[in-house]
Amino acid sequence: MNGNNPYAGAPGVAGAGQPSANRELTVEQMDALRRAVAGIVSRTESYLPEGFAVGSELSTGSNGPLATVAVHPPVGHPVSAGFSPDADELDAGLTDEDRNEVARGLAATAAFQVMSAVGDDLTPAAR
């Protein structure tokens with residue numbers, strides 16, 4: 001029963017529960033990832049009015065580093081975007097276009113959550 005053997009599997013592929021050695025990032029790459037994620041958070045905040053909480057988290061999973069940016073709107077469900085960059089992407093740098101796309105997408109989705117939660121029955125307070 002090869003499936004029960006902890007050493008079974010294709011050569012070069014990390015076993016179950018084992019981190020992938022080729023997904024480790026250097027200190028410089030982790031710093032670049034932190035800066036990129038902080039830029040996405042800042043840009044997302046710039047698209048939204050007050051009352052929306054924007055945050056981020058960096059973690060390491062079985063497939064390597066994972067970056068998550070999340071928005072919690074004043075009403076409605078929170079939304080998030082996560083990505084797991086590889087070392088080559090970080091060495092080349094995440095483009096402004098990519099950062100803007102993620103920020104705009106998160107802001108638009110968070111605004112939609114508010115609109116969905118409030119509905120059309122909202123009475124305007126002023127004109």
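At 44% relative accessibility, Arg34 counts as partly exposed. The model behind these exercises is predicted.

**Exercise 1. Find the salt-bridge partner of Arg34 and describe the pair.**

Step 1. Look for an acidic side chain. Arg34 meets Asp31 in a salt bridge, at 3.1 Å from N to O. The cut-off is 4 Å, so the pair qualifies.

Step 2. Place both residues. Arg34 and Asp31 lie in helix H1, 3 residues apart, which is about one turn of the helix.

Step 3. Check exposure. Asp31 has a relative accessible area of 32% and is partly exposed.

**Exercise 2. Work out which parts of the chain Asp96 and Arg43 tie together.**

Step 1. Establish the contact. Asp96 and Arg43 form a salt bridge, with the closest N and O atoms 3.2 Å apart.

Step 2. Locate the partners. Asp96 belongs to helix H3 and Arg43 to helix H1, so the pair ties together parts 53 residues apart in sequence.

Step 3. Add accessibility. Asp96 is partly exposed at 47%. Arg43 is partly exposed too, at 24%.

Step 4. Count. The salt bridges number 2.

**Exercise 3. Decide whether Arg99 is buried or exposed, and what surrounds it.**

Step 1. Arg99 sits in helix H3. Arg99 is buried.

Step 2. Test for a salt bridge. The nearest side chain of opposite charge is Asp96, 4.3 Å away. The limit is 4 Å, so this pair does not count. Arg99 has no salt bridge.

Step 3. List the neighbours. Leaving aside residues up to four places away in sequence, Arg99 touches Ala36, Ile40, Arg43 and Leu94.

**Exercise 4. Lay out the sheet and the helices that pack on it.**

Step 1. Order the strands. The sheet is open, has 3 strands in the order S1-S2-S3, and pairs antiparallel. Strands S1 (53-61) and S3 (79-83) are the edges, each pairing on one side only. From one strand to the next, the twist averages 15 degrees.

Step 2. Place helix H1. Residues 27-47 form helix H1, which packs on the sheet and touches S1, S2 and S3. The direction of H1 makes about 155 degrees with that of S1.

Step 3. Place helix H3. Helix H3 (residues 96-118) lies across S2 and S3, at about 155 degrees to S3.

Step 4. Follow the pairing. S1 and S2 share 9 bridges, and a hairpin joins them through 2 residues. Glu57 stands opposite Thr68 in S2. Strand S2 (residues 64-72) pairs with S3 over 5 bridges. Val69 has Ala81 in S3 as its bridge partner.

Technical notes. Residues are numbered from 1 along each chain as its sequence is written. This is a predicted model: local features need pLDDT of at least 70, side-chain atom pairs count only at pLDDT 80 or more; totals for chains, interfaces and linings use all residues. Side-chain values use heavy atoms; hydrogens and water are left out. Two strands pair if DSSP finds at least two bridges between them. Helices (H or I, at least four residues) and strands (E, at least two) are DSSP runs, numbered from the N terminus. Axes are lines fitted to C-alpha atoms, for helices over the stretch in contact, and angles run from 0 to 180 degrees between N-to-C directions. Contact means heavy atoms within 4.5 Å. Buried means under 20% relative accessible area, exposed over 50%, partly exposed in between (1.4 Å probe, protein chains only). Lys and Arg count as positive and Asp and Glu as negative; His and the chain ends are not counted.
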